[in-house]
Amino acid sequence: MNRLFTIAAAALLAMGTLHAQAPAETKLYNKTLKKPSVKAYDKFLKKYPSSVYSIEIRTLKDSTLFAAVDQEDAAAVEAFAAAHPDSPIADQVEAVIARHNTSPLTREEALAALRALAPSAADAVGYRRANRDYALGLAAADGALALYRGSLGADGAWTLADTPAPERYTLDSKLSDCRLDGPVELVEINGKNLLSFNYINSADNNKNIEYVASLYDPEDGSFTHAMFYGRDMSGKDGLKVEGQCPEALSTLATPENAWLLNRINSDPRLVPIAKADALTDDSIAWWLEKNPNAETNASRLNFGALDEESSLVAGFKVARSRDKDSSKSFTAAMMDIRDYTVIVAYSKTYKNYILVWCEPVCKDKNRDKLLNNIYFEDDTNLALFYYKGRTTFKNRINLANRTIRR
């Protein structure tokens, strides 16, 4: 009953509004409909801008004007939209603009068109702007990216534009290999159609890896990137990276950046690393960089001071007694962590933890050298006892002067 009363009240209100119009206004409205023209519409709207008939008259006026526009002339249609931003037929105009900017090409058609011009193209999508068709594609070879842009002419022939190669986004120059990951896509962000693609920076015999998500704006040629870098944990189930995204700490909040961060955060293959492990990885990377000849001919070592939140310190504290030894000045512990065998020492004098030694975990105990035990020979000299096959040998590290003897 209440709903029926509400509907009846609304109808009476509408009728009352119509009956409230001045006879002259209604008379001009009827006259305008009998002899419609842009001039007649303007005359009515100028005289009665707030009339209940104004939306209808504006719709008729804009429809008449838009009908005179060449619907296939993208520039003319966009000019009409710019000149009539609040038009009652804005949805119709936007639908035409969307058609002018939506490619009819399938992925297969776009890739075939590009490969006829650039055989190395790995993937492509169709792209349309202002009623003109393009094929956008990518390739990755010899550690570099290539961007291809084919254009379809009025004669039905494809031509290849001279497009600069995109600069590869990397934080580690040692990761010289580059490969695409997944298909290229067109995505709409903030009213613009952008090319989305992903690639991986890596290198043989390197545990580090960089996963890069990128956007390319075909209109202005700009790129936006976001990276997830860390350790390559890939296996039989495919790609897996444990690491972090530096852009997540940025205060730059463009729609493109937000879209890329959301993409990285929603990818289950990219696993955020715990802070403790991130600190450990940084410490190990620093030690290896500072001691490149530690396992061969170095006579001195650089020790790295450790953050107490590092998992290296946590591992030191829970190390088994057989993997630990103490002297008057130091306690040292050996452990396997993050694919490395390390030695962490605690200075009883300075009350701090240091990374003393680091080497890859032994993979074949019957063939490769295995750090089996550590012990102090005196207050500062720590012996590292190794097995290699059926032989044994020792290295000695002086924790006070940071020298190593073999």
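Let's start with C358. In this predicted model, C358 sits in strand 16, residues 352-360. Is C358 buried or exposed? Its relative accessibility is 2%, so C358 counts as buried.

What does C358 touch, once neighbours within four places in sequence are set aside? There are contacts with I284, W287 and L288. C358 also contacts Y340, T341 and V342. Those last three residues fall in strand 15, which runs 340-347.

Now one distance. C358 and I337 are 21 residues apart in sequence. In space, C-alpha to C-alpha, the separation of C358 and I337 is 10.0 Å.

That brings us to the neighbouring loop. R338 lies between strand 14 (330-337) and strand 15 (340-347). Look at its backbone. Phi of R338 is near 55 degrees, a positive value, and R338 is not a glycine. Why flag that? Because most residues other than glycine have a negative phi. And the side of exposure: R338 has a relative accessible area of 13%. The cut-off for buried is under 20%, so R338 is buried.

Second case, N131. Where is N131? In the loop between strand 1 (123-129) and strand 2 (132-141). N131 is not a glycine either, yet has a positive phi of about 70 degrees. Buried or partly exposed? N131 comes out at 25% relative accessibility, so N131 counts as partly exposed.

To put the two loop residues side by side: R338 is buried at 13%, whereas N131 is partly exposed at 25%. Each has a positive phi. Each lies in a loop between two strands.

Conventions:
Residues numbered from 1 in each chain as written. Predicted model: local features only at pLDDT ≥ 70, side-chain atom pairs only at ≥ 80, totals over all residues. Heavy atoms only, no water. Helix = DSSP H or I, 4+ residues; strand = E, 2+ residues; numbered from the N terminus. Buried < 20%, exposed > 50% of the residue type's maximum accessible area, 1.4 Å probe, protein only. Contact = heavy atoms within 4.5 Å.
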